[in-house]
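Me: Please take me closely through one part of this model, the aromatic pairing, and then place one helix packing beside it.

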Amino acid sequence: MVKVYARVRPEDDRGSEGEALRFSKRSAAWNGREYEFERVFFPQEATASLYRSAFELIVQGAADGWEGLIMCYGQTGSGKTHTCFGDDSSPGLALLAAQSLFELVRARPNSEFAIKVSLLEILDEKASDLLHSRSPVVFRSSSDVSPSAASSTRLVFHGLRELAVTCETDFVAALTAGLAERTVAANYRHRVSSRSHVVLRITLEAAHVLGADGVGGVDGAGGAGGEGSGGEDEESAPAGAGSADEGVPLAPVVTVGSFSLVDLAGSESASLNEQRAVAVNGAGINRSLLYLRQVVRALGAAGAGGAAPSLRNSLLTRLLAPALSGAASLAMICCLPARVQLAAQPGGAAFLLPDARQLVDALEFAQAVRTLLPSAVAARNVNGSSELRRLHQLLLQMASERDAAAGGVGALEAKLAEYSANIVSAESLAAKERQLAQAEREVALGIQAAEAAAEKVRATVLAAALAAEEVQRRSAEERLAAQAAELEATEARA
């Protein structure tokens, strides 16, 4: 599945300066050319609408073992980071995906999930782990042999650690901490501009209970893989699962899927940056985006019979290789300004300013992505060696140990507790929500008690103040009475 969308940024404080692009529901037109999209999202449309169209199926497919990626591309200042991560008043795609993911967990009471998050930054052809003190990450290719004996090359991230999350609160805390580590600086367009590519990756291991009709909660018809999915690379059940007819308990099918959200640094005119370090960094950003555009164009040509390009030119192209080569679902959001600045030559003809050239690059890149072809069989990972698989194997082993009255149960229970701490299910989410609700009630009661105590203190202070005023009033009255008596005595003597 390859889908390309456009999102129009609201006009900034420059108002009506520049030439306006012309948009329709499925196209953008500028400088005499029309560019087609799956859908154009206008400034008044919330990110949630974009999420439902572009990202929701990819997130749902990851729960069934599919791979997916969505990337935001555009010139600097076009709204990519806002689209990906949002702000306090408007949630971005990342938070919407997390909310959707945990809603999916609640809707599948017969499934268990292990959800892990990583946040990777690519800057000047170096990768860093933003969730673990910017530790360096090295990309390596590895051969992964599946149970069906189909061998495929996958990318391994040495040094990148995944963080287990069990609720939306965990996810928000991890994302907030990671984004605080991202490299930003002022450029010619913004006071705070992203200076690196950032990749949010969420991995889902899901244990689905087998029912009489197959796998409970698993989309066996292709999921997010799109047309042609579900071929020979897909397993229907792991070996040794047994069957209900044999009276043997069915082991759950464990699928491993993932989805990534890529916030690409914006293309820019490095020459307009006054600071040399920012200009050098901008040139590096443009170079990595140039490699990406070249690879996409070459892949489109390869789909039409041309030679397949190398994807090893840069870390970015290596990272995006599965989606670009069609092994994973891909959605791209091309972020566009509402207007483009032009300049007039002395003779009256218009020539393109840097912003306009970056716009043309973005529009043409979006059209090149639309030429990519999905693979005939999307990769679905039904894996017998995942964390959830090990958890259920431990459960079976513990039962066997107890039945045989053998030793070693304590060690197994320790391992079970370690695995179980990272498992998410509808039941665990409900329990955590009850705990959070109870904690909120306790906080509210504590606030009420504190307010009541404060009110009591205020009442006591007020009563003391009133009593002091009463004492002062009586003392004043006594002084006046004494003065009146003294005056009367004086008059009597006179």
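**A ring pair and a helix pair**

Reply: Gladly! Phe55 and Phe259 are both buried (under 20% relative accessible area, 1.4 Å probe). Do keep in mind that this is a predicted model, where local features need pLDDT of at least 70 and side-chain atom pairs 80 or more, while totals for chains, interfaces and linings use all residues. Numbering starts from 1 along each chain as its sequence is written, and side-chain values use heavy atoms, without hydrogens or water.

Six aromatic pairs occur in the structure (ring centres within 6.5 Å). One of them joins Phe55 to Phe259 edge-to-face, with 5.5 Å from centre to centre and 90° between the ring planes (over 60 degrees earns that label). This pair ties together distant parts of the chain, 204 residues apart: Phe55 sits in the loop between helix 1 (47-54) and helix 2 (56-62), whereas Phe259 belongs to strand 18 (residues 253-263). Helices and strands here are DSSP runs of at least four and at least two residues. Tyr51 joins in too, as ring pairs link Tyr51, Phe55 and Phe259 into a cluster.

Now for the helices. Helix 4 (residues 93-107) packs with helix 5 (residues 168-179) at about 155°, their axes 10 Å apart (axes are lines fitted to C-alpha atoms over the stretch in contact, with angles from 0 to 180 degrees between N-to-C directions). Helix 4 and helix 5 are therefore roughly antiparallel (over 145 degrees). From helix 4, Ala94, Leu95, Ala98, Gln99, Phe102 and Arg106 meet Glu168, Phe171, Val172 and Leu175 of helix 5, with contact taken as heavy atoms within 4.5 Å.

Key
Angles under 35 degrees count as roughly parallel, over 145 as roughly antiparallel, 65 to 115 as roughly perpendicular and the rest as oblique. Rings of Phe, Tyr and Trp (its six-membered ring) pair if their centres lie within 6.5 Å; planes under 30 degrees apart count as stacked, over 60 as edge-to-face and the rest as tilted. Buried means under 20% relative accessible area, exposed over 50%, partly exposed in between (1.4 Å probe, protein chains only).
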